[in-house]
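Biologist: I am new to this structure. Please show it, and then I will ask how each label was earned.

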Amino acid sequence: MDMRKFFYAILPIFLMMSSCSEDEMTRTIFIADKDNPMLPAYTEWGYNSFGAIYDRNYFLVSKTVTPCKITYDKGLLNFYLIGKLEHNGNMVLTFSFPASPMSRYKDLIALNNTTMNLPDDNCTVTIEINGNKNIITPMSGNLTFKRAQLLKIDGEENRVILSGLFELRFLRDGRPEAISNGRFDIGINEDFYSFPD
């Protein structure tokens, strides 16, 4: 790799990691995918970004809302991706699946290198567009947490970075639809909520 390209590739990472500002750690950084610049590139640096293709539209992170929240309640982990659906407004995509008890955001590192087969692993998927919520039954698809890593700043635990991929095919209102090329790179600390049983 050309040294200039390498320098420009790592510069945003260095700038983000060298600053200890909580505000900067929570902002969204969108680095375009080289094959499809409408989507963010797959990264593992806690850029607080995600994106996917929903049929012919793009479901993307928005800089005006918190991109991800996670809850643990009654044995289920609920993974919410919150953003915008191109030409259609606000959208929330929620994956709910059984998980071992989690009481703190640090427990999320247990997701490292985990893949959920959406039809087979007792997963529920909900799509909410402009307040209209549909629980869908995936015909096929996966949610993969490729990496879960604990980030420390100045020696202090700060957040868990979850990076991964997702795709699914399903029926919605009797019509076949698909979400493809999904990727996420999210830093989680205060956006994790655990509800005791």
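Modeller: Helices (H or I, at least four residues) and strands (E, at least two) are DSSP runs, numbered from the N terminus. Read by that rule, the protein chain follows the pattern α-α-β-β-β-β-β-β-β-β-β-β-β-β, with two helices and 12 strands.

Biologist: What kind of model is this, and which values are used?

Modeller: The model is predicted: local features need pLDDT of at least 70, side-chain atom pairs count only at pLDDT 80 or more, and totals for chains, interfaces and linings use all residues. Residues are numbered from 1 along each chain as its sequence is written, and side-chain values use heavy atoms, with hydrogens and water left out.

Biologist: Why is Arg-159 called buried?

Modeller: Buried means under 20% relative accessible area, exposed over 50%, and partly exposed in between (1.4 Å probe, protein chains only). Arg-159 has 2% relative accessibility, so Arg-159 counts as buried. This residue lies in strand β10 (residues 156-172).

Biologist: What makes the link between Arg-159 and Asn-158 a polar contact?

Modeller: A polar contact is a pair of N or O atoms within 3.5 Å; within protein, one must be able to donate a hydrogen and the other to accept it, and residues adjacent in sequence count only if both atoms are side-chain atoms. Here the contact runs from side chain to side chain, at 2.4 Å.

Biologist: Is Gly-46 buried or exposed, and where is Gly-46 found?

Modeller: Gly-46 counts as buried because its relative accessibility is 5%. The residue is found in the loop between α2 (22-26) and β1 (49-54). Its C-alpha atom is separated by 8.8 Å from that of Ile-29, 17 residues apart along the chain.

Biologist: How much of the protein chain counts as buried?

Modeller: The figure is 46% of the 197 residues. In strand β2 (residues 57-61), four of the five residues are buried.

Biologist: What makes β1 and β2 a pair?

Modeller: Two strands pair if DSSP finds at least two bridges between them. Four bridges join β1 to β2, which run antiparallel, so the pairing rule is met. Ile-53 has Tyr-58 in β2 as its bridge partner. Two residues sit between the strands of this hairpin, where Asp-55 takes a positive phi near 50°. β2 also pairs with strand β4 (residues 76-85) in the antiparallel sense, over three bridges, and there Leu-60 has Lys-84 as its partner.

Biologist: How many bridges join β9 and β10?

Modeller: There are 14, in the antiparallel sense. Thr-144 is partnered by Leu-165 in β10. The hairpin of β9 and β10 has two residues between the strands, and Asp-154 takes a positive phi near 50° there. Strand β9 (residues 138-153) is also joined by four bridges to strand β6 (residues 114-117), running antiparallel.

Biologist: What makes an empty space a cavity?

Modeller: On a 1 Å grid over the protein atoms alone, a cavity is a set of points where a 1.4 Å probe fits but cannot get out. Grid points are joined across faces, edges and corners, and a volume is the space filled by probe spheres set on the points. The count comes to one cavity of 30 Å³ or more, and about 60 Å³ of space lies in the largest cavity.

Biologist: Which residues line the largest cavity?

Modeller: Lining residues have an atom within 4 Å of a point. Among them are Ile-29, Tyr-47 and Phe-184. Strand β11 (residues 175-188) gives the most to this lining, with three residues.

How values were computed. 1 Å grid on protein atoms, 1.4 Å probe; cavity = no way out; pocket = protein on both sides within 12 Å on 5 of 7 lines; lining within 4 Å.
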